[in-house]
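Hello, and thanks for taking a look with me. Below are a few numbered notes to help you find your way around.

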Amino acid sequence: MMMVSKIFSLLQFFTLLYLFTITFASIEEATSLLKWKATFKNQNNSLLASWQPSSDACSAWYGVSCFNGRVNRLNITNSRVIGTLYDFPFSSLPFLEYFELSVNNLSGTIPPEIGNLTNLIYLDLSINQISGIVPPQISSLAKLQTLRIFDNHLNCSTPEEIGYLRSLTELDLSTNFLNGSIPASLDNLNNLSYLYLYENQLSGPIPSELENLKNLNFLYLSNNQLSGPIPSVLGNLKNLNDLGLWHNQLSGPIPSENLKNLNDLELFNNQLSGPIPSELGNLKNLYSMVLSNNQFTDSIPSSFGNLRNLHSLFLGNNNLNEEIPSSFCNLTSLTVLSLSRNRLKGKNLQCLGNISGLQYVMMSNNNLSGELPLSICNLTSLQGLDLGRNNLMGAIPQCLGNMSGHLEVLDMQHNDLSGTLPTTFSIGSALRSFNLHGNKLEGKIPRSLKNCKELQVLDLGDNHLNDTFPMWLGTLPELRVLSLRSNKLHGPIRTSGSEYMFLELRILDLSCNDFSKNLPMSLFQHLKAMRTIDQKIDGLSYELHQHYQDSVDVVTKGLELEVVRILSLYTTIDLSNSKFEGHIPSFLGNLIALRVLNLSHNGLQGHIPPSLGNLSAVESLDLSGNHLVGEIPAQFASLTALEVLNLSYNHLEGCIPHGPQFHTFENNSYEGNDGLRGFPLSNGCGNDGHDSVSEETYTGSALDEESNSEFLNNFWKAALMGYGTGLCIGLSIIYILISTGNMKWFARIIEVLEHKIMMGRRKKQRRQRNYRRRNNQF
């Protein structure tokens with residue numbers, strides 16, 4: 001009994017000692033965490049208000065968890081912490097296993113003391129502003145399984161020491177500024193399942209040592225500067241599900257090894273070449289394959305028809321040729337098919353209409369021919385159809401109008417389509433972009449388009465449409481782009497009394513038609529979006545879909561260009577080559593967002609409105625081929641963004657204004673205006689560069705007279721000083737001329753001098769009259 005009692009007493013003693021040690025240790029850990037919190041720049045952080053000395057850290061503190069009274073987890077993710085890790089108590093938390101500080105505002109570097117957390121299993125410092133290096137002491141974290149420091153500002157090479165973390169299953173250092181090469185030491189990470197190094201500045205080849213990562217499921221090295229071939233040994237990664245190598249400088253062929261479990265293959269935006277290996281057709285689990293923007297050649301492998309689970313196939317922007325394989329009819333799971341910008345030929349597959357889940361069909365910029373298959377109208381999920389810039393012919397199926405309830409993009413520009421436009425656009429239409437530019441379509445513009453309330457881009461230019469101006473399109477609240485150029489539209493443009501017409505319009509192209517009467521001033525008054533320059537507008541705000549880029553043909557700076565991805569900041573009005581008459585409305589000067597204004601080759605009359613000098617953003621201004629009179633407004637000198645000016649073949653007169661941009665324009669900007677003078681024309685405007693009465697001021701006249709008087713005094717002093725020498729030389733010249741009998745040259749000199757003297761007298765008289773007129777006014 002005595003022995004049992006002693007043993008029981010010892011157990012009590014050690015239990016009390018253990019409890020005392022735990023209590024002391026937890027107090028020390030809490031105190032050290034409070035000292036770190038005291039360094040935060042936002043002391044009033046409500047989420048950490050529970051961190052108080054009077055409360056128990058293990059049970060009452062936000063984000064703190066304990067095991068046996070010791071802190072083993074600190075999770076203050078997205079807690080609005082503003083501070084650094086410099087004063088973090090790494091040495092005071094020896095039992096910490098989970099350290100989660102992501103989505104805060106931590107800055108500075110990672111201290112080397114992080115190596116003291118030898119029990120750490122999970123480390124997440126992602127989405128902060130941490131910079132500098134990953135300290136080599138991180139190799140001491142032998143138990144670490146997850147390391148996440150993505151979306152920070154690390155600017156170092158990937159440390160070799162990470163290769164010692166043999167327990168790692170996930171390594172994510174993406175979206176930083178890591179440089180140098182990928183260390184070969186990563187091949188030691190035999191347990192690694194996730195390797196994310198994308199969006200850095202890594203260079204050099206992909207190390208072949210990665211073949212040793214037998215458990216790797218996800219490999220993303222995209223958005224770097226990696227070069228060289230894709231190592232064929234990556235084919236040994238039998239467990240690989242996703243391979244993302246896009247946006248690098250990789251070259252050579254795609255290795256033909258089979259990655260049986262691959263779900264996602266993304267190799268776009270590289271310099272890969274050669275034929276696409278047919279072995280890719282054996283990847284039966286493949287869900288998405290993106291090989292666009294490379295240099296692949298030859299035909300599309302027919303083996304792709306075996307990919308029954310494939311949802312997305314992107315092969316655009318390559319050099320693929322021949323016909324689309326008929327085996328594509330087997331891709332019954334396909335939702336996105338993008339084959340644009342290749343050299344594919346032949347007819348569209350009739351069977352595509354049987355792939356009921358298709359949402360996007362993008363085949364523009366190829367050599368496809370034949371008629372549109374009617375089966376395409378069976379695609380009840382279709383959102384985008386882009387067949388532009390091919391050789392398609394025949395009529396547009398009228399059933400496409402019935403698809404507008406789900407179809408958002410319909411682009412068949414630059415083909416050889418004929419007949420009339422679909423007329424059955426229904427109420428509630430989802431259509432946002434409708435582009436049939438450059439075909440042979442006839443008839444009228446269907447009024448059912450007014451049902452397309454989501455429509456942003458409408459381009460029916462370069463066809464044979466015969467109609468009046470469709471003013472009813474102004475009721476479409478989202479319309480940004482309207483191009484009806486090069487048709488047979490006619491008559492005056494008359495607007496309705498509504499104030500809410502064309503409010504969002506930024507591109508208006510009605511050129512090369514037969515419109516007549518006055519320019520539509522009431523239309524200009526509706527163009528609200530052209531009256532402000534919004535610097536906050538996102539240049540990509542009109543990119544309607546991730547799979548499609550809008551494009552519109554416009555004439556700017558004398559060139560016809562394809563504007564790809566309609567930018568909200570690109571604003572133009574083109575009413576050239578019609579039969580407009582009357583005056584240019586001064587209200588156009590209020591459309592200050594304009595970058596291109598073209599009113600050329602009409603019958604416009606009167607003066608150029610000085611208000612056009614308010615168009616501070618205008619880069620191209622063409623008023624040529626009209627009947628404009630008067631002077632070029634002096635306000636044009638302030639158009640510092642102006643790159644192209646064409647005022648040729650009018651009846652303008654007076655002096656060309658002086659300004660930074662006017663020194664860059666050549667004679668062809670003004671030819672056909674016999675009354676114009678000044679640079680760059682041969683007819684000068686005098687010493688002051690402008691002798692227009694309306695532009696001279698009293699002060700200028702007085703200064704001119706004073707300077708002329710001083711000049712004449714100095715001139716006669718100099719003349720008298722050289723009188724003797726000049727007289728001798730003059731008499732000698734006269735003697736020679738008389739003796740040779742050749743007086744024509746001398747007479748010509750006398751005529752020129754007489755003309756200059758007369759012009760000088762007239763100018764002086766004009767200044768005196770202005771001086772007296774101003775004195776009378778005062």
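**Notes for a first look**

1. Let us start with one cysteine pair: Cys 329 and Cys 351 form a disulfide, with 1.7 Å between their sulfur atoms. The torsion about their S-S bond is about -75 degrees, so this disulfide is left-handed. Please keep in mind that the model is a predicted one.

2. Where do Cys 329 and Cys 351 sit along the chain? Cys 329 is in the loop between β23 (319–320) and β24 (336–338), while Cys 351 is in the loop between β25 (345–347) and β26 (360–362). The pair, 22 residues apart, links distant parts of the chain. With a relative accessible area of 27%, Cys 329 is partly exposed, whereas Cys 351, at 15%, is buried. The cut-off explains the two labels, because buried means under 20% relative accessible area.

3. You may like to look next at Cys 655 and Cys 685, another disulfide, whose sulfur atoms are 2.0 Å apart. Cys 655 belongs to strand β49 (residues 651–655) and Cys 685 to the loop between β50 (675–677) and α5 (698–721), so the bond ties together parts that are 30 residues apart in sequence. Its S-S torsion of about -120 degrees makes this disulfide left-handed. Are these two cysteines buried or exposed? Cys 655 is buried at 1% relative accessible area, and Cys 685 is buried at 6%.

4. A further pair is Cys 58 and Cys 66, which form a disulfide with their sulfur atoms 2.1 Å apart. The S-S torsion here is about -85 degrees, so this disulfide is left-handed. Cys 58 is partly exposed, with 24% relative accessibility, and Cys 66 is partly exposed, with 25%.

5. How many disulfides does a search of the whole structure find? The search gives four. Counting the bonded cysteines along the chain, the pattern is 1-2, 3-4, 5-6, 7-8. Two other cysteines to click on are Cys 156, buried at 9% relative accessible area, and Cys 452, buried at 0%.

6. Now for the interior. In soluble globular proteins, nonpolar side chains tend to be buried together. The largest nonpolar core here has 178 residues, and Phe 99, Phe 434, Phe 502 and Ile 573 touch the most other members. Elements giving two or more residues to this core are α1 (2–37), β2 (70–75) and α4 (521–526). Of these, α1 gives the most, with three residues.

7. Phe 99 is a handy place to zoom in. Which residues is Phe 99 in contact with, leaving aside its neighbours within four places in sequence? The list is Leu 74, Leu 85, Phe 88, Phe 90, Leu 117, Leu 120, Tyr 122, Leu 123 and Asp 124. Apart from the largest core lies another core of twelve residues, including Trp 246, Phe 268, Val 290 and Val 409.

8. Finally, the overall view. The secondary structure comes to seven helices and 50 strands. The protein has 778 residues, and 48% of them count as buried. Taking contacts between residues at least 6 apart in sequence, 52% join residues at least 24 apart. The exposed area is about 36100 Å², with carbon and sulfur atoms supplying 52% of it.

Key: Residues numbered from 1 in each chain as written. Predicted model: local features only at pLDDT ≥ 70, side-chain atom pairs only at ≥ 80, totals over all residues. Heavy atoms only, no water. Core = buried A, V, L, I, M, F, W, Y, C linked by side-chain atoms within 4.5 Å. Buried < 20%, exposed > 50% of the residue type's maximum accessible area, 1.4 Å probe, protein only. Helix = DSSP H or I, 4+ residues; strand = E, 2+ residues; numbered from the N terminus. Contact = heavy atoms within 4.5 Å. Disulfide = S-S within 2.5 Å. Areas by Shrake-Rupley, 256 points an atom, 1.4 Å probe, with all protein chains shown as cover.
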